[in-house]
Structure formats: C-alpha cells, structure tokens
Amino acid sequence: MTERSYIMPVWLRLWHWVNALLMVLLILSGASLHFTDPVVPLIRFDVARTVHNVSGIAISVLYIAFLIWNSASGNLRQYLPNLKDLVSGLNEQNAYVALGIFKGAPPPVSPTPEVKFNVLQQITYLLVMYVAMPLLIITGIAFFFPELAPAQLFGMDGLLPIAVAHYVIGFLLTMFLLGHIYMGTMGTTATSGFRMMITGWHEDHAKETEFERP
Amino acid sequence: MVVWATIGLVFLTTAAVAQIERKPIAPEDLQKIQDSNAKCLECHSEASFDALDRPNVDKEKLRAHLVDPSVYEDSNHGRVECLACHVKGFKETPHVEKDKQQINWCDECHTRKFLRIEMQFDESVHAKDGIKDKFTCSTCHDPHVFQHEMYLSSPRKAVQQDNTMCLQCHDSEERFALMTKEARPDLAAKHEWLPNNPLHWAAVRCVECHTPAPKKVLSHEIVNAEKAEKNCVACHSADSTLRVRLYRHLVKEERNEVGFINSVILNEAYVIGATRNLYLDKAFGIVAALVIGGISLHSLLRIISGLWRRRRND
C-alpha cells in the first residue's frame with residue numbers, strides 16, 4: 001500500500017530548482033575564476049566573471065524572495081528542530097545512514113505536511129539557509145563592489161578576508177550540495193526524494209517493507 | 001574560524017615589503033651637491049619665486065622653469081648636481097642666452113640603457129611618422145620628478161606616478177593636440193571592457209597591458225589598443241605577469257610561508273586567480289576527495305547490500 005501526501009508547494013519547488021541551477025553555475029564559474037591556471041580551463045575567465053556576477057545577483061534576489069516566502073507561508077517552522085528530540089533524532093538518522101539503509105530499513109522519519117524534515121535536515125538547512133547563505137551573499141556583494149571594501153586590513157589588501165571568507169563558505173556549500181544530492185537518494189526509494197521535489201508529492205512505501213518504522 | 005585563522009596566520013608572518021634603499025653617498029659629497037643646487041634654487045624654486053627681486057631676471061620666463069626642491073631631492077636625480085645636465089652657460093647668471101639649449105641629454109649618462117630603450121621605442125606607437133620627433137625621454141619622464149619604481153615605497157605609488165605620465169597627454173585635449181592631429185581616444189569608452197575600471201587603474205599601470213605581451217618584461221615599446229594585452233589570465237593566474245612587471249623588484253622579498261602564492265602582490269591587492277592560498281586549496285581538495293570518496297563507498301555498499309538482500313529473499 002502506498003500513502004501519498006502533498007509536501008512541497010509549487011513556489012518551494014520552483015525556488016529549489018532555480019536555486020540549484022544557480023548554485024551549479026556559481027560553483028563552476030567560481031572554480032574557474034579561482035583556479036585560472038589549468039591547461040584546459042573550465043570556463044574562460046571573462047565569461048566566468050559574467051556568469052558568476054549574473055548568477056550571484058539572481059541568487060541574492062531569489063534568497064530575499066525565499067526569506068519572505070518562507071516566513072509568510074509559515075514554512076520557516078520546518079527549519080526549527082525540536083530541541084527535546086535533537087539528540088535522539090540525530091542518533092536515529094546516523095544509525096540509519098551507518099547501518100539501517102544497508103539492511104533495507106525505511107528512513108526513520110517520513111516527511112508529512114506538518115513535519116517535512118528530519119532533525120539532521122532541519123539543522124543542516126537552518127545553517128545553510130540562515131547562516132552560510134547570508135554570509136556568502138554579503139561577501140559576494142563586497143566582492144561585487146570592491147571599492148567599498150576597506151583599502152587595507154592587517155597590512156594587506158582589504159579584499160583578502162572577504163575573498164577568503166567567500167571561498168571558504170562557497171566550498172562548504174559545494175560540499176553541502178554533494179551531500180544533499182546524495183541524501184536525496186536515501187528516501188524510501190532511491191528516486192522518491194527527487195520525485196517529491198518535482199511533483200510535490202511524497203509517496204510512502206514504508207508499510208510494504210519488512211521493517212517497522214521506529 | 002578557518003577564515004580568521006588564515007588571516008591571523010598571514011598577519012603574523014607576512015611583513016610589509018620594505019622599500020629598496022638608494023646607494024649610500026659620502027656626506028661631504030652630498031653637501032657639495034646640495035650647496036651647488038641651492039644656488040640654482042635661489043631663483044628656480046617655487047618657494048623663493050614670489051620674493052625674488054633680481055635685476056635682469058624675466059620672472060614670466062622663469063615661471064616655466066621652477067623646480068620643487070623636495071620633489072627633486074626624492075627623484076632619481078635628487079643627488080645629481082643641476083650643473084651636471086645644465087652645463088655650459090648655466091653657471092653664470094643671467095645664463096648665457098646662446099648656450100641655454102645646451103643640456104646634457106639622458107644618453108650622456110645612461111648610454112647602455114639608452115641604446116636598448118631606443119630600439120624598443122622605435123617599435124612603439126609613439127614612434128609613428130609625424131610624432132616620433134616630438135618625443136624625448138623627458139616628454140614622459142620629467143627628470144626633476146621621476147622616481148624609479150624600486151625606490152618608491154609601494155607599487156601603488158609607482159602606478160600613480162607612471163599612469164600620470166601617460167595621462168598628461170592622453171587625458172588632456174590640449175597636450176594631445178600638441179603631439180598629433182589625430183583625435184584623442186576616449187579612455188573610458190576604450191576601456192569599457194575592463195571590469196572595475198577605477199580599481200584596475202589604481203592598481204596597475206597602463207604599460208602593464210600596453211607593452212608587448214609575449215615579451216613579458218616591461219618595455220618602452222608602447223602598443224596600441226589592438227595589440228594590448230586583453231587576456232585577463234595574464235595577470236589573474238599563479239604565473240602572473242605582474243611578477244615580472246609591477247612587482248619585479250619586490251619578488252625577491254617574497255615570502256610564501258603561509259601558503260599564499262604571489263604574496264608580494266597580496267600586500268597591495270587581492271588579485272583573483274593570482275593571490276590564492278595553496279594550503280587552503282590543498283585542504284579543500286582533500287576534503288572534497290573524502291566527501292566524494294565517502295559518497296562513492298556508501299553507494300557501493302548500498303548496492304552490494306541491496307543485491308545481497310535480493311538474493312537472500314529469492
């Protein structure tokens with residue numbers, strides 16, 4: 001028996017995929033601008049600069065729209081973990097990733113319209129969307145208007161801390177993206193997570209498995 | 001944390017690059033030069049000009065021949081006697097009219113350098129028919145002012161000085177018209193393709209791009225827009241040409257202990273692609289490899305365990 005529930009509204013899915021596309025463009029162009037030396041460069045420097053600038057502005061505007069949508073729709077509460085269940089929730093997720101999934105166990109938490117994310121997702125998404133993204137955008141804006149950065153800092157060009165911060169956060173978000181895509185394969189089936197992000201519907205096959213959900 | 005740790009490390013270990021000192025000169029020799037020059041500056045200095053009241057001195061003519069003593073002393077020729085170049089006829093006051101044009105030209109002292117520079121100049125855009133004869137060394141390099149970049153306290157000052165030399169004609173209709181009848185190119189429009197124009201112009205010299213690219217080192221062969229360097233990566237890379245151009249005198253002082261390549265440039269400007277930190281790049285490379293490796297291993301184990309479960313259920 002399969003239970004279906006509508007989890008992801010249209011605005012959220014649209015934002016998610018446009019955001020994903022922009023992130024990929026930013027990663028590829030950002031890497032091309034940072035590593036300019038390879039024999040075969042990924043994207044030519046001047047093209048990479050334009051792609052990075054346009055995508056950066058687009059993702060910043062989209063981020064502001066996300067902040068408004070997320071607050072206005074009440075979706076923001078999905079990002080806030082229940083502190084009481086924090087440790088047990090994390091343990092459950094870790095046990096599933098480390099062991100349960102190899103035994104064919106269903107994910108310990110199945111998304112519902114009321115609670116869409118497990119604790120691990122809540123913490124990660126909260127850090128990504130409300131800590132890393134604002135820092136990435138602020139340092140990106142400073143990079144976009146370098147004349148506004150302090151001329152000197154610690155005896156060096158004032159852009160240095162901004163540039164290093166932008167690089168570090170950009171890299172961490174790239175690693176998040178890899179992990180996020182992979183975690184998408186760890187739903188009730190390998191493709192259910194991706195299907196949900198396209199159709200908005202979550203299909204729960206858990207009752208068909210031999211395992212009881214804890 | 002990583003960001004601040006990196007910055008802290010850089011702060012602790014990278015010192016500002018020191019200015020190169022001029023060769024020492026014996027105090028008595030210096031005094032002799034200064035005394036001799038002081039006599040000239042009694043008339044030829046802006047400070048003494050207003051109060052000057054000497055018979056046989058045409059102040060209107062003199063106004064065009066004033067020198068700022070402090071600027072002169074800081075210049076490359078600051079320890080050279082005025083009379084070393086302004087020879088015959090300048091010892092007497094008023095100067096002997098017929099000898100006034102007899103000035104020792106640059107090649108009198110800079111003979112070897114002059115030969116090399118002349119060959120480069122002959123290929124320059126400034127050596128085109130019609131304007132070549134209007135150019136001397138001092139058209140660009142005012143010998144009373146010019147300082148070699150190695151003696152300036154920072155590359156930024158070299159940029160300011162050297163770009164002013166170009167702009168004195170290229171940013172002035174009046175001066176440009178004195179050299180050629182051609183229309184003066186609109187600098188802003190010509191450089192529209194160059195991102196963050198004001199930043200580039202404050203951080204690099206016109207000649208960084210307007211000298212032949214393949215030769216890498218700086219030359220007196222100034223090239224036009226068509227031949228000028230337009231490849232961003234020429235500067236924005238680990239092997240940045242800035243190392244053999246604007247920063248060539250400082251490269252020897254460079255320190256790489258904290259992993260920043262081209263750290264000598266970092267003292268002045270963050271140049272994307274050229275001033276990156278190798279330690280950070282390597283650390284991120286390892287982390288990325290671990291993440292991708294971890295995901296691959298996890299995927300493989302999932303596939304194997306899935307196949308094993310299926311076989312068991314069959």
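Let's start at one residue of this predicted model: B:I265. Leaving aside residues up to four places away in sequence, B:I265 touches B:S240, B:L242, B:Y247, B:V271, B:A274 and B:T275.

B:I265 also belongs to a bigger picture. The largest nonpolar core has 34 residues, and B:I265 is among those that touch the most other members, together with A:L160, A:A163, B:Y270 and B:V271. Two or more residues of this core come from each of α5 (159–183) of chain A and α9 (155–170) and α14 (263–266) of chain B. Helix α5(A) gives the largest share, 10 residues. As background, nonpolar side chains tend to be buried together in soluble globular proteins.

Now for a contrasting part of chain B. Helix α15(B) is hardly covered: among its 36 residues, the count of buried ones is one. Because each residue should add 1.5 Å, α15(B) should span 52 Å, and its end C-alpha atoms are indeed 52 Å apart.

How confident is the predictor? For the complex it gives an ipTM of 0.89 and a pTM of 0.82. Chain B has an average pLDDT of 85, with 90% of the residues scoring at least 70. Here are the two extremes among the elements of chain B:

| Helix of chain B | Residues | Mean pLDDT |
|---|---|---|
| α1(B), lowest | 2–13 | 47 |
| α15(B), highest | 278–313 | 95 |

Over residues 9–18 of chain B the pLDDT is below 50, and this stretch has 19 contacts in the model beyond near neighbours in sequence. Where pLDDT is low, the predicted coordinates should not be read in detail.

Terms used: Residues numbered from 1 in each chain as written. Chains lettered and ligands numbered in written order. Predicted model: local features only at pLDDT ≥ 70, side-chain atom pairs only at ≥ 80, totals over all residues. Core = buried A, V, L, I, M, F, W, Y, C linked by C-beta atoms within 7 Å. Buried ≥ 20, exposed ≤ 12 C-beta atoms within 10 Å, placed from the backbone. Helix = DSSP H or I, 4+ residues; strand = E, 2+ residues; numbered from the N terminus. Contact = placed C-beta atoms within 7 Å. pLDDT = per-residue confidence, 0-100. Expected span 1.5 Å × (residues − 1).
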